[in-house]
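Let's take a walk through a protein together, starting with the whole chain and then stopping at a few spots along the way. Keep the picture in view while you read.

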Amino acid sequence: MDQLQETFEEILEKVEFKKMDQFKELLHKCIHVSNDSSKSTYAVYENMVFKLDAFFKGFVNFQNEFGKDKKYIAAVHALSAICYGLGIDLEDEELFIIYHLKDQGKFRKREKDLHSELKNLWAGYPYKEFAMADVDFSHSLKNLMRAKFIDYRRGNLHINQSLIIRFKDRY
């Protein structure tokens, strides 16, 4: 449990919300430690589970933290802190894509359809900083797939409901 507390502390240091106690409660609902199903004599692993679906449901209270029209910015801010705490290296533009995909559920979406939706969002004032070129967009989807945030096969993609991060135990 020591690893979990360290992770929460790292996340909370990077996040600035008015309702920090509620955000801390949300973290406890979204991130927990699970036992390793594969026992190894060489190394002991600790699995941390980040439940994206629980995060997105609970984040409704925080999505307007930076203003009514800046809910994506608040989400990117929170997801960036969580990824930092979990040791996942993703860019803000990629986290913007993840937050946009949250409402899709298990619905499979084509890459070109998603890109056209995002282009419409990027045209607006607060989200121009997240705009990316076609080549960068495809590269970002591959990064999200490697990080296990999305399943991406044959041009179809959908967001995973939870993410398992494996840490080698320090003891």
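**The overall plan**

Follow the protein chain along its sequence and you meet the pattern α-α-β-β-α-α-α-β-α-α-β-β-β. Put as a tally, the protein chain has seven helices and six strands. Both kinds of element are DSSP runs numbered from the N terminus, with helices (H or I) at least four residues long and strands (E) at least two.

Before going on, some ground rules. What you are looking at is a predicted model, where local features need pLDDT of at least 70 and side-chain atom pairs count only at pLDDT 80 or more, while totals for chains, interfaces and linings use all residues. Residues are numbered from 1 along each chain as its sequence is written, and side-chain values use heavy atoms, with hydrogens and water left out.

How much of the chain is tucked away? Of the 171 residues in the protein chain, 44% are buried. Here "buried" means under 20% relative accessible area, "exposed" means over 50%, and "partly exposed" is in between (1.4 Å probe, protein chains only). The protein chain exposes about 10000 Å², and carbon and sulfur atoms supply 47% of that area. These accessible areas come from the Shrake-Rupley method with a 1.4 Å probe, and for residues only the protein chains shown count as cover.

Next, who touches whom? A contact means heavy atoms within 4.5 Å. Among contacts in the protein chain with a separation of 6 or more, 64% are between residues 24 or more positions apart.

**Helices at the start of the chain**

Find helix H1 (residues 2-14) and helix H4 (residues 71-86). They pack at an angle of about 145°, and their axes are 8 Å apart. The axes are lines fitted to C-alpha atoms, for helices over the stretch in contact, and the angles run from 0 to 180 degrees between N-to-C directions. H1 passes H4 in a right-handed crossing; that is the name when the near helix is turned clockwise from the far one by less than a right angle, and anticlockwise would make it left-handed. On the H1 side, Thr 7, Glu 10, Ile 11 and Lys 14 take part, and they meet His 77, Ala 81, Ile 82, Tyr 84, Gly 85 and Leu 86 in H4. Sorted by class, this contact has five nonpolar, three polar and two charged residues. In that sorting, Ala, Val, Leu, Ile, Met, Phe, Trp, Tyr, Cys and Pro are nonpolar, Asp, Glu, Lys and Arg are charged, and the others, Gly among them, are polar.

Leu 12 also sits in H1. Leaving out residues up to four places away in sequence, Leu 12 touches Met 20, Phe 23, Lys 24 and Leu 27. Two of those names, Phe 23 and Leu 27, come up again in helix H2 (residues 20-30), where Phe 23, Leu 26, Leu 27 and Cys 30 are buried. Why do these four share a side of H2? They cover an arc of only 105° around the axis, which puts them on the same side; the arc is taken from the directions from the helix axis to the C-beta atoms. An α-helix has 3.6 residues a turn, so residues three or four places apart point the same way. Over on the other side of H2, Asp 21 and Lys 29 are exposed.

**Towards the end of the chain**

Now look at helix H6 (residues 111-122) and H7. Their axes come within 11 Å and cross at roughly 120°, again in a right-handed crossing. From H6, Glu 111, Leu 114, His 115, Leu 118, Lys 119 and Trp 122 meet Asp 134, Phe 137, Ser 138 and Leu 141 in H7. The class count here is five nonpolar, two polar and three charged residues. Asn 120 lies in H6 too, and at 61% relative accessibility it is exposed.

After H7 (134-146) comes a loop leading to strand E4 (150-153), and Lys 148 lies in it. Most residues other than glycine have a negative phi. Lys 148, however, has a positive phi, near 70°. Lys 148 is also exposed, with a relative accessible area of 53%.

Our last stop is Leu 163 in strand E6 (residues 162-168). Is Leu 163 buried or exposed? At 2% relative accessibility, Leu 163 is buried. Setting aside residues up to four places away in sequence, Leu 163 touches Met 48, Val 49, Phe 50, Ile 88, Ala 147, Lys 148 and Phe 149.
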